[in-house]
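The following note is offered to a colleague who is meeting this structure for the first time. It proceeds by numbered points, from the sheet to the helices.

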Amino acid sequence: MTAETSQTLDRGLRVLKLLADTDHGLTVTELSLRLGVNRTVVYRLLATLEQHALIRRDLGGRARVGLGVLRLGRQVHPLVREAAMPALRSLAEDIGATAHLTLVDGADALAVAVVEPTWTDYHVAYRAGFRHPLDRGAAGKAILAARQHPMADPGYTLTHGELEAGASGAAAPLLGVTGVEGSVGVVMLADVVPERVGERVVEAAREVAEALR
């Protein structure tokens, strides 16, 4: 900690991060041990966070992330979209296919940014706000591949006809971006996706990840 930072705020943010990384919540004792502070400090931190609905405590006393975090999370999509647009535009123009950024939203894959090429006679219509199950389509499957291999680069994922008849998709996951789980991909009217497209999608996903770090 430096003179310019707040120790209390730092501890509160660490509490939120610890709770975000667990599905079953944490007790005051568990938080005390992980933070290296006494239980009284943890009680005060939880009481403050609870006032802002950022955490909640169940009947057993375990603390979990609260619904107030969702209000903050709604502002994330516009920021992520803005950071991703240059790489998506370049990808769409280079490949001549509709490029998209997809993020996890519960059990679904949600397209939060879409860029269509300007020079093609036709391309697949794909709109921001379109959602589909994570286990269907290249965008969702690329995210699942990253979950299954968290310590490795899974490369790109290809699919055909899973979301729209006659359309193929290629997508690569965003890697190394804390708090953001998603993928970058393209969708095109083709039976087979050229290898160059997959490699270019991986490159675009890296560019977006760099912009978000």
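1. Two strands are said to pair if DSSP finds at least two bridges between them. Strands β3 and β8 meet this condition with 6 bridges, and they pair in the antiparallel sense. Within this pairing, histidine 100 has glycine 185 of β8 as its bridge partner, and alanine 99 has valine 186 of β8. The model under discussion is a predicted one.

2. The pair belongs to an open sheet of 6 strands, whose order is β5-β4-β3-β8-β7-β6 and whose pairing is antiparallel. The edges are formed by β5 (131-133) and β6 (157-160), each of which pairs on one side only. From one strand to the next, the twist averages 30 degrees.

3. On its other side, β3 pairs with β4 in the antiparallel sense, here over 7 bridges. Aspartate 105 stands opposite aspartate 108 of β4. The two strands form a hairpin with 2 residues between them, and glycine 106, in the turn, has a positive phi of about 65 degrees.

4. Moving outward, β4 (residues 108-115) is joined to β5 by 3 bridges, again in the antiparallel sense. Leucine 110 stands opposite arginine 131 in β5. Elsewhere in the sheet, β7 and β8 run antiparallel and are joined by 7 bridges. Alanine 170 has valine 186 of β8 as its bridge partner; valine 186 is also the bridge partner of alanine 99.

5. How much of β3 and of β8 is covered? Strand β3 is mostly covered, with 6 of its 8 residues buried. Strand β8 is mostly covered as well, with 7 of its 8 residues buried.

6. Two helices should be read together with the sheet. Helix α5 (residues 76-95) packs on the sheet and touches β3 (98-105), β4 and β8 (182-189); its direction makes about 65 degrees with that of β4. Helix α7 (residues 195-212) lies across β3, β7 (167-173) and β8, and runs at about 145 degrees to β8.

7. In soluble globular proteins, nonpolar side chains tend to be buried together. The largest nonpolar core of this model has 33 residues, and those touching the most other members are Leu88, Leu91, Leu101, Val184, Val186, Met188 and Val197. At least two residues of this core come from each of α5, β3, β4, β7, β8 and α7. Helix α5 gives the most, with 8 residues.

8. Valine 184 deserves separate mention. Leaving aside neighbours within four places in sequence, valine 184 is in contact with residues including Leu88, Leu91, His100, Leu101, Ala170, Val201 and Val208. A second core, separate from the largest one, has 16 residues, among them Val41, Val42, Leu54 and Ala63.

9. Two packed helices are described by the angle between their axes and the distance between the axes. For helix α2 (residues 28-35) and helix α3 (residues 39-51), the angle is about 110 degrees and the axes are 9 Å apart. Because angles of 65 to 115 degrees count as roughly perpendicular, α2 and α3 are roughly perpendicular to each other. Helix α2 contributes Val28, Thr29, Leu31, Ser32 and Leu35 to the contact, while α3 contributes Arg39, Val42, Tyr43, Leu45 and Leu46. By class, these residues are 7 nonpolar, 2 polar and 1 charged.

10. Is threonine 29, a residue of this contact, buried, exposed or partly exposed? Threonine 29 is found in helix α2 and has 37% relative accessibility, so it counts as partly exposed. Between threonine 29 and tyrosine 43, the C-alpha to C-alpha distance is 9.8 Å, with a separation of 14 residues in sequence.

11. Helix α3 also packs with helix α1 (residues 7-20): their axes come within 10 Å and cross at roughly 75 degrees. Helices α1 and α3 are therefore roughly perpendicular to each other. Thr8, Arg11, Gly12, Val15 and Leu16 of α1 meet Val41, Leu45, Leu46 and Leu49 of α3. This contact has 6 nonpolar, 2 polar and 1 charged residues. Leu45 and Leu46 are also named in the contact of α3 with α2, and Val41 is a member of the second core.

How values were computed
Residues numbered from 1 in each chain as written. Predicted model: local features only at pLDDT ≥ 70, side-chain atom pairs only at ≥ 80, totals over all residues. Heavy atoms only, no water. Axes fitted to C-alpha atoms, helices over the stretch in contact; angles between N-to-C directions. Helix = DSSP H or I, 4+ residues; strand = E, 2+ residues; numbered from the N terminus. Parallel < 35°, antiparallel > 145°, perpendicular 65-115°, else oblique. Contact = heavy atoms within 4.5 Å. Nonpolar A, V, L, I, M, F, W, Y, C, P; charged D, E, K, R; others polar. Buried < 20%, exposed > 50% of the residue type's maximum accessible area, 1.4 Å probe, protein only. Core = buried A, V, L, I, M, F, W, Y, C linked by side-chain atoms within 4.5 Å.
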